[in-house]
Structure formats: structure tokens, C-alpha cells
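The report that follows describes one protein model for a reader who has the sequence and coordinates at hand. Please read it alongside the structure shown here.

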Amino acid sequence: MSPAAASPDQIQRLMAQYPAVAALPAALREPVLASHAQAMTVPPGTLLFDEGQACQGFPLVLAGEVRVARGAPNGRSLELYRVQCGELCVASTSCLFGQVALAAHGITTEPCELVLLDPLGFALWTEHEGFRRYVFGIFADRIADLMALAEAVAFQRLDQRLAGALLGHGAVLQTTHQQLADELGTVREIVTRLLKRFEREGWLSLGRERIELRDPAALRALAGGG
């Protein structure tokens, strides 16, 4: 990581991507950015925060993507959500509001640029009603997503979940079977077996770290329980 004060260009991009920041009074926004925020550029695969740790700050993503997941003692992990430009991290939010340890870890999936508010800066901004409402609104949306994920894990078959995950990545995926297994919270061997079954059905074709969808309609029907 390479923390530094946010540049004028980064501040302009931050306000463009996070309208709630732009809507803050300048007398509140500017001192926090000057004294309680750092800009960071990090490579893919960087662990930004880890389970059981105290939250060091509130990340605002300017570019790139952060994968937030929950780990298990056996080394497997279940992806909870991803944070992209203009989005907020629920794990960091709940940690800061509740003053508890982080319940998930965050790893960059690609080169990332972000502004990190320290806990005091986050507290100062959330005293403003408009920013607080914005944070709680995003928080509510993420909680709904996590409830849907919990339902899928508990009640939906793995082949349905895999079909849905494939559709969510687009027509051509540059990924490995292990990465898909991590996303679904299962083991690579099961994902590989299901992918080969899908290939035999003619729904997709497999290559080296590449999956091309051939019949999205069939995958969509499976994902929907058909």
C-alpha cells in the first residue's frame, strides 16, 4: 500500500462517485479529507482488512474492486459481496457503528484506488443527517443481498448457485475453478464436476482459466430452479 493525502483530482472524483460526500457542507467535508483521510493505491490480491481485527477505517473505492468474504477454519471462504466504485462496505460500516471486530475480510481483485476515512472522520461525517441516511440506505440494500445469499446457501442446490454465478460474470469468464469454488463457498472438485456436466449438456465450453457460455437460457432456467 502507498497511503498519502488525497490529491485534488482524487477529491473531485470522490465527490463525483459519492454524491453524499459532495452534499456535505464544505466546512465538514474539507477538514475531514485533510486530516482524517488517506488515499491508497494497492495491487490485486491485497488484504485490506481481516476477520477479527479492529476496523482501521472506512474505504471509499475510486477504482477497482474489493471482494468481501467470510472465512472458515478449513481455509474455505464464502463470498458475501463485492465493493466497486461508488459503493460502500457493510462489514466496515457495521464494525465502526458497533465498535466491534470485523466479521469478514476484504481482498482486492484488481488494482484498486481508494480513499480511507479513519474512524474519527467517519464518525464526524455520519453526524450529518444526509450522509448518515445515505450510509444506512446502502447498508439496508446490502443486508437484503446478504439475506438472499443466506437463503441460497441454505436452500438452493449448488448447481443452481453455480449457474447463477456464471450468468453474473457475463458471456466469457476469465477465471479458475478454484476462484468459482471460493465464490460459492465450496471445494474445487465439486465445481469442476458440475462445470464438466454443464459442458456435456452444451451449455458452456471450458478452456484454460476461461469459460464461455453457449446456452445462457438453459443456465438461467437452472438458476431459477427449472
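In this predicted model, the sulfur of C89 lies 7.5 Å from the closest cysteine sulfur, which belongs to C55, and this is too far for a bond, given that a disulfide is a pair of cysteine sulfur atoms within 2.5 Å. The sulfur of C55 in turn has its closest cysteine sulfur in C95, at 4.4 Å, again too far for a bond. By this rule the count comes to zero disulfides. Both cysteines are buried, C89 with a relative accessible area of 2% and C55 with 11%, where buried means under 20% relative accessible area, exposed over 50%, and partly exposed in between, with a 1.4 Å probe and protein chains only.

Residues are numbered from 1 along each chain as its sequence is written. Because the model is predicted, local features need pLDDT of at least 70 and side-chain atom pairs count only at pLDDT 80 or more, whereas totals for chains, interfaces and linings use all residues, and side-chain values use heavy atoms, with hydrogens and water left out.

The protein chain contains ten helices and ten strands, these being DSSP runs numbered from the N terminus, with helices (H or I) of at least four residues and strands (E) of at least two. Its C-alpha atoms fill a box of roughly 60 × 30 × 30 Å along the principal axes, and buried residues make up 40% of the 226 residues. Among contacts (heavy atoms within 4.5 Å) between residues at least 6 apart in sequence, 73% join residues at least 24 apart.

An open sheet of three strands runs in the order β8-β10-β9 with antiparallel pairing, and its edge strands, β8 (172-173) and β9 (204-207), each pair on one side only. Two strands count as paired if DSSP finds at least two bridges between them; β8 and β10 (residues 210-213) pair over two bridges, and V172 has E212 in β10 as its bridge partner. Helix α9 (residues 188-200) packs on this sheet, touching β9 and β10, and its direction makes about 130° with that of β9; axes are lines fitted to C-alpha atoms, for helices over the stretch in contact, and angles run from 0 to 180 degrees between N-to-C directions.

The axes of helix α7 (residues 158-168) and α9 come within 11 Å and cross at roughly 75°. That makes α7 roughly perpendicular to α9, a label for angles of 65 to 115 degrees, with those under 35 roughly parallel, over 145 roughly antiparallel and the rest oblique. On the α7 side the contact involves L158, D159, L162, A163 and L166, which meet I190, V191, L194, L195, R197 and F198 in α9.

Three loop residues can be set side by side.

| Residue | Loop | Relative accessibility |
|---|---|---|
| H36 | between α3 (26-35) and β1 (37-42) | 18%, buried |
| Q99 | between α4 (90-98) and β6 (105-108) | 75%, exposed |
| E209 | between β9 and β10 | 48%, partly exposed |

Not counting residues up to four places away in sequence, H36 touches P31, L116, L117, D118, L120, G121 and L124. Most residues other than glycine have a negative phi. Against that background, phi of Q99 is near 55°, a positive value in a residue other than glycine, and E209 also has a positive phi, of about 55°, although it is not a glycine.
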